[in-house]
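Let's take a walk through a protein model together, starting with the overall layout and ending with a few individual residues. Keep the 3D view open as you read.

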Amino acid sequence: VLLAGRLRLDRAIGKAWGVAVFYDAGNAFNSFSDLHLARGAGIGVRRYTIVGPIKLDLARQIDTPKRAYRVHIGVGFQW
């Protein structure tokens, strides 16, 4: 079973730039008795272009002993 969810707020700043904050939760498991959701949160910046937004996000794990940061880069629209 795959369970995933995301809350995200994107806000445009002018015509070409934007910011985002987000919270993610989810995981894959074999039965509901094994359910443990991994959680993360982060912030990002957006540069809006003709081919879609260029996104740079910084995310961090929540509720783990060794919290790690991850950088995510994306180009274009997502479905």
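What follows goes from the whole chain down to strands, charged pairs and single residues.

Before anything else, keep in mind that this is a predicted model. So what is the protein built from, in terms of helices and strands? The tally is zero helices and five strands. If you read the elements off from the N terminus, you get β-β-β-β-β. The radius of gyration is 15 Å, while the globule rule gives 12 Å for 79 residues, so the protein is more spread out than a compact globule. You can see that in the box that the C-alpha atoms fill, too: along the principal axes, the box comes to roughly 45 × 25 × 15 Å.

How much of the protein is tucked away? Of the 79 residues, 20% count as buried. There's also the matter of who touches whom along the chain. Take the contacts with a separation of 6 or more: 27% of them are between residues 24 or more positions apart.

Now for the way strands sit side by side. Look at S3 and S4, which pair in the antiparallel sense over 11 bridges. To find this pairing on your screen, pick out Arg 39, whose bridge partner in S4 is Ile 62. How many residues lie between S3 and S4 in their hairpin? There are two.

Strand S4 has another partner as well. S4 pairs with strand S5, which covers residues 69-75, again in the antiparallel sense and over seven bridges. Here a handy marker is Leu 58, since its bridge partner in S5 is Val 71. S4 and S5 make a hairpin too, with six residues between them.

That loop between S4 and S5 is worth a stop, as Asp 63 lies in it. What's unusual about a residue like this? Most residues other than glycine have a negative phi. Asp 63, however, has a positive phi, near 65°, and it isn't a glycine. Asp 63 is also exposed, with a relative accessible area of 54%.

While you're in this part of the model, find Val 75, which lies in strand S5. Is Val 75 buried or exposed? Val 75 is exposed, with a relative accessible area of 62%. Val 75 and Ile 54 are 21 residues apart in sequence, yet their C-alpha atoms are 4.6 Å apart in space.

Next come the charges. Side chains of opposite charge can pair when their charged atoms come close. This structure holds five salt bridges, and we'll visit some of them.

Start with Arg 6 and Asp 24, whose side chains meet in a salt bridge at 2.8 Å, N to O. Why does this pair tie together parts that are 18 residues apart in sequence? It does so because Arg 6 lies in strand S1 (residues 2-13) while Asp 24 lies in strand S2 (residues 17-28). Both ends can be placed on the accessibility scale: Arg 6 is partly exposed at 42%, and Asp 24 is partly exposed at 24%. Arg 6 has something else going on, too. Its charged end sits over the ring of Phe 22, 5.0 Å from the ring's centre.

Then there's Arg 8, which forms a salt bridge with Asp 10, with the closest N and O atoms 2.9 Å apart. Arg 8 counts as partly exposed, with a relative accessible area of 43%, and Asp 10 is partly exposed as well, at 35%.

Further along the chain, Arg 46 forms a salt bridge with Asp 57, and here the closest N and O atoms are 2.6 Å apart. Arg 46 is in strand S3 (residues 38-49) and Asp 57 is in strand S4 (residues 52-62), so this pair ties together parts 11 residues apart in sequence. Are these two residues buried or exposed? Both Arg 46 and Asp 57 are buried.

Which residues join up in a network of salt bridges? They are Arg 8, Asp 10, Arg 46 and Asp 57. Try showing these four side chains together in your viewer. Finally, the structure also holds one aromatic pair, and you can hunt for it yourself.

How values were computed:
Residues are numbered from 1 along each chain as its sequence is written. This is a predicted model: local features need pLDDT of at least 70, side-chain atom pairs count only at pLDDT 80 or more; totals for chains, interfaces and linings use all residues. Side-chain values use heavy atoms; hydrogens and water are left out. Rings of Phe, Tyr and Trp (its six-membered ring) pair if their centres lie within 6.5 Å; planes under 30 degrees apart count as stacked, over 60 as edge-to-face and the rest as tilted. A charge sits over a ring if NZ of Lys or CZ of Arg is within 6 Å of the ring centre and within 35 degrees of the ring normal. A salt bridge is a side-chain nitrogen of Lys or Arg within 4 Å of a carboxyl oxygen of Asp or Glu. Helices (H or I, at least four residues) and strands (E, at least two) are DSSP runs, numbered from the N terminus. Buried means under 20% relative accessible area, exposed over 50%, partly exposed in between (1.4 Å probe, protein chains only). Two strands pair if DSSP finds at least two bridges between them. The radius of gyration is taken over C-alpha atoms; the globule rule is 2.2 Å times the number of residues to the power 0.38. Contact means heavy atoms within 4.5 Å.
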